[in-house]
Every structure is written in structure tokens, then in C-alpha cells.
Amino acid sequence: MEAINTVNSFSASIHNIEWERVKLKIDGLIEGSISDHYDFYYKNKETNELIPIKNVKREGHSFSLTINVSTLYKNDRIPDGKWDLIMVDSNNTEKKVKVARNLIYKGKKVFDKQFSKDFKSGPKRIYQVHLEAGKKDNSLYLDVFFEHPAPKIPKKPSLKKRLSMYKMGMFDLIFNLANKFVKKNGKRVLFTSASRSEIGGNLGAVHDRMIERGLDKEYKLYQVFKSNIHARSSFLDKFKLPFYLGIADYIFIEDFQPMVNKLKYDPRTEVVQLWHANGAFKTFGYSRLGKPASPVIDGMNHRIYTKAITSSKHVIPYYAEAFAIDESKVLATGIPKTDIFFDEEYRRKTTEKLESLYPQIKTADKVILFGPTFRGGGPKTAYYPMNKLDFKALAEYCKAHNAIAIFKMHFLVKNKLEIPAEYSDIFIDATDYREINDILFIADVLITDYSSTVYEYSLLNKPMLFYAFDLEEYISARDFYDKFEDFVPGKIVRTFNELINSLETEEYEFEKVELFRKKNFEFLEGGASDRVIDWIILKKPQNTEI
């Protein structure tokens with residue numbers, strides 16, 4: 001950027017400031033010519049380094065800035081220091097942006113603390129983004145500081161630690177050799193997950209569709225899986241995974257894969273996050289910065305993705321925020337695993353398979369699926385409060401209505417569901433059945449809470465109930481992108497008695513389902529797997545008909 005002039009021909013003032021998770025939103029007014037072009041920057045008070053603000057909207061004299069403080073600086077957090085908010089016109093004339101008087105307490109030069117944020121980012125680690133108003137001119141600036149403990153003096157590692165370091169060293173060595181010496185040919189595709197023992201979900205949908213289209217003859221398809229994030233990899237997979245990561249042109253994952261995040265890839269490698277959930281319901285990733293089990297602000301988790309997919313354009317900003325990547329990297333392809341909802345043959349075969357596994361389904365007049373999400377911070381602490389289930393009341397309802405209830409607890413939940421033996425004829429524990437989407441086909445009613453399963457189930461145009469007994473606690477710990485009460489496509493019940501009463505009266509607020517489906521799906525005819533293949537692997541234009 002050229003040297004900046006200082007002609008006093010325009011000015012800007014801020015009239016509203018608010019936070020939305022990691023996004024700082026600033027609204028203001030421009031005084032002067034609105035026909036000119038203006039850019040906004042943060043400028044370091046000491047070094048004069050500039051950070052451009054890209055998300056800017058202007059309408060007449062009004063402007064709005066949206067600043068993601070976890071990605072603003074070269075896809076990373078804002079560096080420590082004091083940063084003036086400045087506006088620059090087409091003549092390179094610079095002006096500091098000032099805070100309007102209504103945002104200054106009682107006319108004093110004291111800025112309201114509500115505009116500052118301290119994001120806890122791990123033990124004794126806080127990312128502080130404080131908004132201040134200049135004492136002399138009320139100009140707005142950020143005072144940024146990342147507080148973290150000093151590095152510990154390394155001790156002689158234990159034998160266990162040395163073995164772990166050796167294994168990681170071998171992993172890195174294999175990856176680096178493969179990445180350096182195996183020439184990229186654009187034809188190698190890796191599917192990998194740390195939370196499933198075999199291919200399935202979005203990965204399986206894209207993989208199988210490539211084979212159906214005969215693309216396995218042109219592309220080499222690789223797979224490496226393990227049952228969960230804490231499980232040990234097989235001896236062979238410890239060598240296969242780093243080698244495949246090094247040679248792959250396309251790496252597809254659908255969850256947090258820790259071994260994928262820690263590596264430096266060839267710039268030509270596409271790391272594609274297919275994400276196991278549908279849409280954007282509860283917050284995840286960097287959207288949860290400052291909450292329990294959120295990513296650390298100076299880490300590389302998720303930031304490495306070159307592409308991510310989602311169900312609709314409506315949720316692209318949420319996914320970009322969660323993964324700390326640019327919105328241009330998020331594509332509204334639809335979700336591959338939902339293609340089965342438009343495949344009548346798959347539906348027929350799946351129904352037959354489930355009826356064979358659970359014969360009670362055939363004779364039941366109603367099938368109730370209970371599919372909640374977990375509580376807790378993540379894989380290590382995930383649980384569900386089983387004491388919130390009234391087995392007796394649900395059993396009485398089922399017997400009176402010739403119904404059965406299928407329980408599908410989240411795969412991360414540590415505490416085991418224990419169904420009383422006397423209800424084994426009407427209650428089914430399907431927790432170990434990997435794909436909840438299959439069970440959706442046979443369910444007449446879904447009872448859930450904060451699970452993203454509601455997206456898939458809405459495609460079937462069936463009723464739902466939301467058993468949200470701990471809504472306030474869940475919002476505090478996890479939160480949502482949209483207000484829960486306005487978002488969910490069904491009736492919210494807060495007690496088990498309310499739940500049973502809604503089943504009895506069939507009060508589901510079913511009219512919400514169609515509106516939800518139209519809002520959250522870009523495509524309602526399937527073909528998501530094809531769009532992933534065509535837009536990402538085959539590099540076809542996104543307006544190409546599938």
C-alpha cells in the first residue's frame with residue numbers, strides 16, 4: 001500500500017457495537033462524500049502494519065463491518081498489540097474511526113466493558129480482545145493480548161513419552177518422505193476417519209458414488225479407519241495413514257481427524273471436510289471459542305481445510321466461522337449421506353434389514369425413535385443423563401398404542417443405556433447400529449433434543465418432539481447459531497410428562513417441518529455426492545447440471 005495522506009475531507013463514527021460469538025460487528029456512519037470508495041483496516045499503533053477488513057457492507061452513508069477475531073490476520077488470530085480502526089479513501093487519505101457519544105459512558109472517556117471479550121482458550125490461556133476509545137479523540141482501537149503460561153523447562157521424558165515421541169516422529173517422517181518424493185498426479189483420493197471402523201456416512205456416499213460412476217478406474221481410492229479417536233490403530237495402518245496422507249491429491253474426512261490436522265501439505269492437496277452433521281444447529285469448532293472443549297486459539301485444528309461442504313448457502317457463514325476458514329472455501333453441495341432419502345430402492349432394502357434385526361417393527365402401529373445428542377465437553381466426557389428417561393411412563397404409552405420405542409444414543413456417550421428387562425419386548429437399544437439415518441426410515445416420530453438428526457428427518461416430512469429439559473444449561477455450555485425456540489421444526493417439551501402428553505394428543509407443531517426443510521436445504525432432489533465429486537474432484541463449474 002502507498003503512503004497515506006492526511007487530508008481532512010471525510011470522517012466516520014461508530015453507533016453500534018455487538019459480539020456474535022467470535023465475530024465483532026460494528027455499524028457506523030460516514031460523513032462526507034458517499035460516492036467515493038472507502039476501505040477499512042486495523043493499523044498497529046507501533047509497527048503501522050495493516051490488516052484489511054474484507055467483510056464490509058455499505059448503503060448510502062451507513063456501513064457495517066463484521067470482524068472474525070479468530071481468522072482476521074492471515075487466517076489466524078489478531079496479533080498482540082494495539083490496533084486502530086481506520087478508514088481510507090480512494091486518494092489514500094486515512095482517518096481514524098471514532099466512537100459516537102452514545103457509546104461513551106456518561107460523557108466520560110470510559111468505554112463500556114461489555115464491548116470487550118476474554119476468550120478462555122485452554123488452561124491458563126486467555127485471548128483478550130478489548131475495545132478501547134482514545135482518551136483524546138474517542139477513536140476506536142483494539143487492545144489484543146494472548147495470555148498463556150511460560151513454556152515449561154523440558155524434563156527428561158519418561159520411557160512412555162519417549163516411545164510416543166518416536167511413533168510421532170516416524171509418522172512425520174513417513175508423511176514427509178511420501179509428500180516429497182511421490183509426484184502428485186491428481187488421481188489419488190483418501191477417505192479417512194477416526195470415529196468409524198469402516199467406511200460409511202458422507203465418506204461412504206462419495207466413495208460408493210465414485211465407484212458407481214466408474215471413476216475408480218481413473219482414480220486410486222484409499223481408506224484408513226479406526227473405531228474411535230482413542231482406539232489404537234492397527235500396526236499396518238500406522239504406516240499406511242501417513243503414507244496415504246503424503247501421496248493423496250484429495251483427502252476426505254467427515255469429523256475431527258487429529259492426525260490430518262498436524263501436517264503441512266503440498267499446496268496442490270485438497271483437504272476436504274464433509275462433516276458428519278447436517279446444517280448448523282448447535283455451535284461447534286471455533287464458534288465455541290471460550291467455551292469448554294473448544295479449539296485453542298493458536299492451534300491448527302480445522303484451519304487446514306481447503307474445502308468444506310454444507311447443506312445450504314444459508315449456513316455457509318456458520319461453517320466458515322466454525323472451521324476458521326474463508327467463506328469462499330465452503331460449498332453448498334448438499335450432504336452426500338442424504339442422497340439415500342431420495343433412493344426408493346435403498347429405503348426398501350434398509351427397511352427390510354431393520355425389520356429382520358428388530359422383528360417388533362413389523363407388528364407395531366407406531367415406531368418412536370429416541371435419538372438425543374450427548375452432554376459434556378467432548379469424547380472424553382460425553383454422557384447422557386439417563387435419569388431423565390421415564391421408562392415406565394413410555395412403556396405404558398407404547399402398550400396402550402401398540403407402539404415400540406427405539407433408543408439410539410450418541411456414539412460418544414460413555415454411560416451405557418440400561419433398558420429394564422420387563423420392557424425388552426417394546427424397547428429396542430439400537431445404539432450400536434452405526435447409521436441413525438437408516439433408522440429414520442422406519443420411525444413415525446422422532447424424539448430428540450439438540451441433535452442435527454433433525455435435518456435428515458425433515459426430508460422425510462415426519463413429526464418431531466424436542467425433549468429439552470436442560471435448555472438453559474445447554475445454551476450456556478454449547479449455544480446455538482439461531483435461537484432454539486425459533487429454529488426447531490417441532491414442539492419443545494421440558495418434562496417427560498409433557499413429552500408423553502404430546503405423544504398422546506399428537507401435538508407436534510408439524511407445520512414447522514416444511515419451512516425448516518426449505519430454509520436449510522439448497523437441493524431437495526438428492527445428487528449431493530455427485531456435486532462433491534463434480535465440483536471438487538472433477539473441477540466442473542458449480543452451475544453445471546448434475
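This passage describes a parallel sheet, the helices beside it and two loop residues in a predicted model.

In the predicted model, six strands come together in an open sheet, and, read across the sheet, their order is β21-β20-β19-β22-β23-β24, with parallel pairing. The two edges of this sheet are formed by β21, which covers residues 427-429, and by β24, which covers residues 491-493, and each of these strands pairs on one side only. On average, neighbouring strands in the sheet are turned by 20° against each other when direction is ignored. Within the sheet, strand β19, made up of residues 366-370, is joined to strand β22, made up of residues 445-448, by three bridges in the parallel sense. Phe 370 takes part in this pairing, and its bridge partner in β22 is Ile 447.

Helix α8, which spans residues 391-400, lies across three strands, namely β19, β20 (403-407) and β21, and it runs at about 140° to β20. The same helix, α8, also packs with helix α13, formed by residues 496-505, at an angle of about 10° and with the two axes 10 Å apart. Because angles under 35 degrees count as roughly parallel, α8 and α13 are roughly parallel to each other. On the side of α8, the contact is made by Ala 393, Leu 394 and Tyr 397, while α13 contributes Phe 496, Ile 500, Leu 503 and Glu 504. Sorted by class, the residues in the contact of α8 with α13 comprise six nonpolar residues and one charged residue, with no polar residue among them.

Two residues elsewhere in the chain have backbone phi angles that are positive, although neither is a glycine. For Lys 124, phi is near 55°, and this residue is found in the loop that runs between β10 (117-120) and β11 (126-133). The relative accessibility of Lys 124 is 69%, and since a value over 50% is required for a residue to be called exposed, Lys 124 counts as exposed. For Asn 138, phi is positive at about 65°, and this residue is found in the loop between β11 and β12 (140-147). Asn 138 has a relative accessible area of 10%, and because buried means under 20%, Asn 138 is buried. The two loop residues thus both have a positive phi, whereas Lys 124 is exposed and Asn 138 is buried.

Methods:
Residues numbered from 1 in each chain as written. Predicted model: local features only at pLDDT ≥ 70, side-chain atom pairs only at ≥ 80, totals over all residues. Heavy atoms only, no water. Pairing = 2+ DSSP bridges. Helix = DSSP H or I, 4+ residues; strand = E, 2+ residues; numbered from the N terminus. Axes fitted to C-alpha atoms, helices over the stretch in contact; angles between N-to-C directions. Contact = heavy atoms within 4.5 Å. Parallel < 35°, antiparallel > 145°, perpendicular 65-115°, else oblique. Nonpolar A, V, L, I, M, F, W, Y, C, P; charged D, E, K, R; others polar. Buried < 20%, exposed > 50% of the residue type's maximum accessible area, 1.4 Å probe, protein only.
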